[in-house]
Amino acid sequence: MQIKTVTSAENLSVDALALICFEAEEKKEGQSQPPASVPDPPLAAQAGWLADLRSSGEFTGKLYETAVLHRPQGLAAKRLVVVGGGKREKFSSVEVRRIAGTLARTLKGKGVRSAALLLDTPNGDEYVTPAAEGAILGAWEPDVYKTDPKKAEKQIESFTVVVPGVEAATLQAAAERGRIIAQAQNFARQLSNEPANKLTPAQLAENARNMARESGLECQVLDQQAMNKLGMGALLGVAQGSSNPPFLIVLRYRPAVPSGPDHLALVGKGVTFDTGGVSIKPAEGMEKMKYDMSGAAAVIAAMRALAQLKPGLLVTAYVPTVENMVSANAQRPGDIVTTLSGKTVEVLNTDAEGRLILADAITYAKRNGATHIVDAATLTGAIGVALGQYNIGAFTNDEPFLQRFLKAAKAAGEKTWQLPMDEEYKEYLKSAFADLPNIGSGRQAGSITAAWFLREFADSTPWVHLDIAATAWLDEGKSWLSKGPTGVAVRSFIELARDWQQIL
Ligand code: BES
Ligand code: MN
Ligand code: ZN
């Protein structure tokens with residue numbers, strides 16, 4: 001999808017031109033009702049249609065509601081679409097992103113090839129990037145393996161963002177940024193969506209390598225032998241049950257002119273399939289465990305965007321990737337492994353594999369100079385119990401660093417909620433036979449004990465852990481986003497690196 005920008009809707013010959021209309025505000029005594037929307041001169045001719053829509057109750061301005069008028073008078077566009085903006089005072093870039101996504105999704109099945117969205121609200125210029133993002137994200141479908149030959153005909157080819165009164169170059173730059181970010185997020189979704197027979201650890205590494213070559217990033221892939229030599233016993237223990245060998249993917253972005261001494265490491269859990277191992281998972285829903293590499297996908301995709309956006313910060317991605325399988329060689333409950341850090345771990349449950357591979361990757365990131373670490377992992381089912389599907393769970397050993405991350409996440413429109421890491425929770429992590437068990441005793445605070453396990457390896461390096469188990473996959477589609485992989489955390493990662501100096 002091509003993203004364009006213009007400053008006037010008047011002569012825009014597109015298949016559909018959309019404008020946002022808000023819910024009618026409460027009528028106060030002595031005040032006259034404000035107009036349904038405040039249309040620009042070329043749109044003023046549509047006021048009658050808008051008024052009829054409202055009085056008939058067909059359109060109330062509720063968020064993401066739409067109505068379509070064909071051949072609007074005085075406009076070059078073939079259709080005029082009104083889309084609900086909800087309550088005017090609650091309107092923000094989050095709604096803009098979703099409105100653009102809703103438009104892309106509702107219009108693409110209706111023969112619309114070119115669409116436009118008019119942003120004549122205050123802050124219109126700030127909404128260009130999220131509008132571009134929303135359209136590209138909304139258009140994405142998890143249907144690569146469907147063979148419908150008509151698929152290509154249902155695509156929107158161009159999406160134009162219309163913002164009156166803003167300089168054209170500024171507009172286009174904001175749209176371009178949105179395009180880069182959303183295409184990266186869709187790349188992450190594409191990777192997460194791949195079934196485990198099409199995306200093994202080797203194929204994930206191959207994807208990363210190809211992306212690095214195309215983007216001008218450094219890429220290094222450590223194989224089993226190299227990891228064995230280094231002593232990554234935790235990662236290798238998880239991998240030993242699969243005939244698909246593990247890898248540690250390293251991607252590096254070097255700024256032309258570093259703006260400071262910091263070195264950010266992004267670490268992503270890359271379990272291409274999680275059966276649970278010998279502590280096997282129930283059959284129901286196990287097919288979804290193909291998305292257990294969504295942290296890896298987010299990290300790899302964010303690196304692609306950084307190569308294009310070129311921030312002044314050194315960023316290295318570390319992606320441990322394995323398949324957690326059941327076999328005669330599989331790791332057993334009770335096995336004790338020695339991690340790269342030297343700490344020993346008693347594997348009480350082979351299904352708590354993510355933290356094992358992340359432990360070695362975090363240690364490796366520190367050894368290679370990371371001053372700050374953020375990891376993303378589909379780590380625990382318990383995070384969905386705590387937060388549902390609406391917030392990423394965040395954990396840290398460094399409060400100021402987390403605050404910085406939260407600021408980036410908010411700017412990127414990815415809801416993130418901090419969970420506590422009081423010392424008391426560490427009491428749940430006791431092993432009689434090794435330095436650490438890989439699960440907590442009892443079933444309480446499962447996401448926090450998992451985070452504490454990782455923290456033992458991050459140690460004193462500022463670190464943020466994101467548990468995306470419940471946010472990386474949408475079980476039911478929304479009007480603005482399809483069902484399936486969400487590509488969550490990609491936008492926050494990009495924003496964090498992009499704004500590193502400003503959000504100190
Ligand atoms: N990959 C799972 C976590 C997960 C669950 C991701 C649901 C997405 C949806 C992880 O490896 C896992 O199995 N965690 C266990 C930990 C337990 C054994 C302590 C869990 O959450 O049940
Ligand atoms: Mn597991
Ligand atoms: Zn897992």
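A donor, as the term is used here, is an N, O or S atom within 2.8 Å of the metal. With that in mind, this predicted model can be approached through its metal site. D274 bridges the manganese ion (ligand 2) and the zinc ion (ligand 3), and the two ions lie 3.2 Å apart. The pair links distant parts of the chain: D274 belongs to strand β10, whereas D351 sits in the loop between β13 (344-346) and α10 (354-367), 77 residues apart.

The manganese ion (ligand 2) has as its protein donors D274 (OD), D351 (O), D351 (OD) and E353 (OE), at 2.0 to 2.2 Å. Along the chain, the donors of this ion follow the spacing D-x76-D-x1-E. The site of the manganese ion (ligand 2) has 6 donor atoms, and the angles among them run from 70 to 166°; the site is irregular. For reference, ideal angles at a metal with six octahedral donors are 90 or 180 degrees. Water is not among the atoms, so sites may look incomplete.

The two aspartates differ in their surroundings. D274 is buried, with a relative accessible area of 3%, while D351 is partly exposed at 22%. The cut-off for buried is under 20% relative accessible area, so D351 falls outside that class.

The setting of D274 leads to strand β10 itself. This strand spans residues 270-274, and 5 of its 5 residues are buried, so β10 is largely enclosed by the rest of the structure. Strand β11 (residues 314-324) pairs with β10 in the parallel sense over 4 bridges. Within this pairing, V271 stands opposite V322 in β11.

From β11 the path continues into the nonpolar interior. In soluble globular proteins, nonpolar side chains tend to be buried together. The largest nonpolar core here has 57 residues, and V315 is among those with the most contacts inside it, alongside L251, L264, M303, V374, L466 and F493. Helix α9 (residues 294-309) gives the most to this core, contributing 11 residues. Neighbours within four places in sequence aside, V315 is in contact with L251, R252, Y253, L264, L266, M303, L306 and A497. A second, separate core comprises 49 residues, including V238, L248, V345 and L358.

Finally, the cysteines may be considered. The structure holds 0 disulfides. C21 is buried, with a relative accessible area of 1%, whereas C219 is partly exposed, with a value of 28%.

Methods. Residues numbered from 1 in each chain as written. Chains lettered and ligands numbered in written order. Predicted model: local features only at pLDDT ≥ 70, side-chain atom pairs only at ≥ 80, totals over all residues. Heavy atoms only, no water. Disulfide = S-S within 2.5 Å. Buried < 20%, exposed > 50% of the residue type's maximum accessible area, 1.4 Å probe, protein only. Helix = DSSP H or I, 4+ residues; strand = E, 2+ residues; numbered from the N terminus. Pairing = 2+ DSSP bridges. Tetrahedral: all angles 85-135°; square planar, octahedral: opposite > 155°, others 65-115°. Core = buried A, V, L, I, M, F, W, Y, C linked by side-chain atoms within 4.5 Å. Contact = heavy atoms within 4.5 Å.
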